[in-house]
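Trainee: Could we go through this model together, beginning with its overall layout and then turning to single residues and helix packing?

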Amino acid sequence: DASSTSEDMTDTVWLETIDGDLEEVEREVAVLSPVVYREVVCYGIGKTKESPVALPKQVSNEVLQLMLEYCRFHRAPGRSDKERKLFDEKFIKIDTRRLCELTSA
């Protein structure tokens, strides 16, 4: 749409963890989270480093990195169901503390 501004078409979203860390993330990956989707699509937040999407308090930088790793793997084109299943089986073998943090995030 020619009437859209380039700001509306940003390919990345800024996220802020509870640690105060800022992370620039691919929009297509970030909006897989319903919380981020709502903030970005409904409220226009996250387009700049100065107005990042504040993630829930359970999301530390460490948890965000794990979530991004998972989402990026599953969003990559050309992955077979078998590859995704193997990735998931390996992914859930992380230590119990981190797995609990992920499920509460």
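**Layout, loops and packing**

Mentor: In this predicted model, the chain holds five helices and three strands.

Trainee: In what pattern do these elements follow one another along the sequence?

Mentor: The chain has five helices and three strands to place in order. Read along the sequence, with β for a strand and α for a helix, the pattern is β-β-α-α-β-α-α-α.

Trainee: Among the contacts in the chain with a separation of 6 or more, what percentage joins residues 24 or more positions apart?

Mentor: One example of a pair distant in sequence is Ala-76 and Val-29, which are 47 residues apart along the chain and have their C-alpha atoms 9.9 Å apart in space; that is a C-alpha distance and not a statement about contact. For the contacts themselves, taking those with a separation of 6 or more, the share from residues 24 or more positions apart is 52%.

Trainee: Is Thr-17 buried or exposed?

Mentor: Thr-17 is found in the loop between strand 1 and strand 2. Leaving out residues up to four places away in sequence, Thr-17 touches Leu-55, Val-59, Ser-60, Asn-61 and Leu-64. Its relative accessible area is 4%, and since the cut-off for burial is under 20%, Thr-17 is classed as buried.

Trainee: And how should Gly-20 be classed by its relative accessible area?

Mentor: Gly-20 also has its place in the loop between strand 1 (12–16) and strand 2 (22–26), and its C-alpha lies 9.8 Å from that of Leu-55, with their positions 35 residues apart in sequence. Because the class in between runs from 20% to 50%, the value of 41% for Gly-20 makes this residue partly exposed.

Trainee: Which residue has its side chain joined to that of Asn-61 by a polar contact of 3.4 Å?

Mentor: Asn-61 is found in helix 3, which covers residues 61–75. Once neighbours within four places in sequence are set aside, Asn-61 is in contact with Thr-17, Asp-19, Asp-21 and Glu-23. Of these contacts, the one with a side-chain polar contact of 3.4 Å to Asn-61 is with Asp-21.

Trainee: How far apart in space are Gln-58 and Thr-17, C-alpha to C-alpha?

Mentor: Gln-58 lies in the loop between strand 3 (53–54) and helix 3, and with a relative accessible area of 35% it is partly exposed. Gln-58 and Thr-17 are 41 residues apart in sequence, while their C-alpha to C-alpha distance in space is 8.6 Å.

Trainee: How are helix 3 and helix 4 oriented relative to each other?

Mentor: Two packed helices are described by the angle between their axes and the distance between the axes. Here the axes of helix 3 and helix 4 (residues 81–91) come within 10 Å and cross at roughly 165°. Because angles over 145 degrees count as roughly antiparallel, the orientation of helix 3 to helix 4 is roughly antiparallel.

Trainee: By class, which residues make up the contact of helix 3 with helix 4?

Mentor: The crossing of these two helices is right-handed. Helix 3 contributes Leu-66, Glu-69, Tyr-70, Phe-73 and His-74, and helix 4 contributes Glu-83, Arg-84, Phe-87, Asp-88 and Phe-91. Sorted by class, the contact consists of five nonpolar, one polar and four charged residues.

Trainee: Which class of burial applies to Ala-76?

Mentor: Ala-76 lies in the loop between helix 3 and helix 4. Its relative accessibility is 18%, and because anything under 20% falls in that class, Ala-76 counts as buried.

Methods. Residues are numbered from 1 along each chain as its sequence is written. This is a predicted model: local features need pLDDT of at least 70, side-chain atom pairs count only at pLDDT 80 or more; totals for chains, interfaces and linings use all residues. Side-chain values use heavy atoms; hydrogens and water are left out. Helices (H or I, at least four residues) and strands (E, at least two) are DSSP runs, numbered from the N terminus. A polar contact is a pair of N or O atoms within 3.5 Å; within protein, one must be able to donate a hydrogen and the other to accept it, and residues adjacent in sequence count only if both atoms are side-chain atoms. Contact means heavy atoms within 4.5 Å. Axes are lines fitted to C-alpha atoms, for helices over the stretch in contact, and angles run from 0 to 180 degrees between N-to-C directions. Angles under 35 degrees count as roughly parallel, over 145 as roughly antiparallel, 65 to 115 as roughly perpendicular and the rest as oblique. A crossing is left-handed if the near helix is turned anticlockwise from the far one by less than a right angle, and right-handed if clockwise. Ala, Val, Leu, Ile, Met, Phe, Trp, Tyr, Cys and Pro count as nonpolar, Asp, Glu, Lys and Arg as charged, and the others, Gly among them, as polar. Buried means under 20% relative accessible area, exposed over 50%, partly exposed in between (1.4 Å probe, protein chains only).
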